[in-house]
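The following exercises ask the reader to analyse one protein from its atoms. Each task is followed by a solution that goes step by step.

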Amino acid sequence: MPSRQTKFWRGLAVLLLCAAWAVAAHYASAGHGPADFNTALGCLPLVFIAAVVARPLNWFWRGLIWGGLGALLFLLWPHLRQDVAWLYYLQHLGMHLGLSWLFGRSLFTPGDALITRIARQLHSAPLSPRHERYTRQVTAAWSIFLACNALLSTLLFFLAPREIWSVHANLLTWPLIALFFLGELLLRRRVLLPEDRSGLVASIRAYRGMQSGNRSGS
């Protein structure tokens, strides 16, 4: 079990690495620096996603995923390096639309909304009607926020200079998400009773536990 100090330094290292990547991605998508390096940097998230997806699979599916990704990048590389901003834009758009769909879909399928399910994982007692209604509203708010950020990114990408779009997509996205988290936390403290509140870390752990349970049960 890692000590608290080890967790702190590990978290700080991850935070600094993400900040460095965001700054590098900003300069790359704005067209500064070598085209091949910028394209390779933009492909890193795809490689990371492929590694996460392939990790639990057998050797055949791993080879298929890595071979398919390698072939796709080989074919598209000449086009990507000519306008690498498209690579960053599509990843930014895909992340926001995917998360917006994840939150929004849970509102229209049988069962609880996504944040309601997380709240049930955190509280042993049944949720009060107010708590259940609040978590459903927050789920909808996250879905709308992410969709609006995707729309703003698209408008800036096609209507504004690439540098302006890159500032929004690469430098301001995570601060905006953090501000949304903070606003929701402050609202939660005003709306919910103390026993109904939960912190961000506990919520993340509950969601990860919920995902692990779904995988083991499938």
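**Exercise 1.** Is E132 buried, partly exposed or exposed, and what is its relative accessible area?

*Solution.* The model is a predicted one: local features need pLDDT of at least 70, side-chain atom pairs count only at pLDDT 80 or more, and totals for chains, interfaces and linings use all residues. Residues are numbered from 1 along each chain as its sequence is written, and side-chain values use heavy atoms, with hydrogens and water left out.

Step 1. Fix the classes: buried means under 20% relative accessible area, exposed over 50%, and partly exposed in between, with a 1.4 Å probe and protein chains only.

Step 2. Apply them: E132 has a relative accessible area of 32% and is therefore partly exposed.

**Exercise 2.** Determine which residues pair with R120, and describe the resulting network.

*Solution.* Side chains of opposite charge can pair when their charged atoms come close.

Step 1. State the criterion: a salt bridge is a side-chain nitrogen of Lys or Arg within 4 Å of a carboxyl oxygen of Asp or Glu. By this rule the count comes to five salt bridges.

Step 2. Examine the partners of R120. D112 forms a salt bridge with R120, with 2.5 Å between the closest N and O atoms. E132 also forms a salt bridge with R120, and here the closest N and O atoms are 3.4 Å apart.

Step 3. Locate the second pair. E132 lies in helix α6 and R120 in helix α5 (residues 114-122), so this pair ties together parts that are twelve residues apart in sequence. Helices are DSSP runs (H or I, at least four residues; strands are E, at least two), numbered from the N terminus.

Step 4. Add the accessibility. D112 is partly exposed at 24%, and R120 is partly exposed at 35%.

**Exercise 3.** Which side chains meet that of E184, and is E184 buried or exposed?

*Solution.* Step 1. E184 lies in helix α7 and is buried, with a relative accessible area of 11%.

Step 2. The side chains of R188 and E184 meet in a salt bridge of 2.4 Å, N to O. Both residues lie in helix α7, four residues apart, about one turn of the helix. R188 is likewise buried, with a relative accessible area of 11%.

Step 3. Return to the network of Exercise 2: salt bridges that share partners join D112, R120 and E132 into one network.

Step 4. A polar contact of 2.5 Å joins the side chains of E184 and Y134. The term denotes a pair of N or O atoms within 3.5 Å; within protein, one must be able to donate a hydrogen and the other to accept it, and residues adjacent in sequence count only if both atoms are side-chain atoms.

Step 5. Leaving aside neighbours within four places in sequence, E184 is in contact (heavy atoms within 4.5 Å) with Y134 and V138.

**Exercise 4.** Identify the largest nonpolar core and the helices that supply it.

*Solution.* Step 1. A nonpolar core is a set of buried Ala, Val, Leu, Ile, Met, Phe, Trp, Tyr and Cys residues joined through side-chain atoms within 4.5 Å.

Step 2. The largest such core has 13 residues, and those with the most contacts inside it are Y88, Y89, F157 and W165. At least two residues each come from α1 (4-29), α4 (85-105), α6 (129-159) and α7 (162-191). The greatest contribution, four residues, is that of α4.

Step 3. Apart from this core lies another, of ten residues, among them L114, I115, W142 and L192.

Step 4. For W165, leaving aside neighbours within four places in sequence, the contacts include S29, A85, Y88, Y89 and F157.

**Exercise 5.** Locate the nonpolar surface patch and set it against the whole protein.

*Solution.* Step 1. Patches are made of residues with over 30% relative accessible area and no salt bridge; like charges are joined within 9 Å, and nonpolar side chains (Val, Leu, Ile, Met, Phe, Trp, Tyr) within 5 Å. Accessible areas come from the Shrake-Rupley method with a 1.4 Å probe; for residues, only the protein chains shown count as cover.

Step 2. F48, I49, V52, V53, L57, W59, F60, W61 and L64 form a nonpolar patch with about 1000 Å² of accessible area together. The elements giving two or more residues to the patch are α2 (35-54) and α3 (59-82).

Step 3. F48 is in helix α2 and is exposed, at 59%.

Step 4. The protein exposes about 14200 Å², of which carbon and sulfur atoms supply 70%. Of its 218 residues, 31% count as buried. The protein has eight helices and zero strands.
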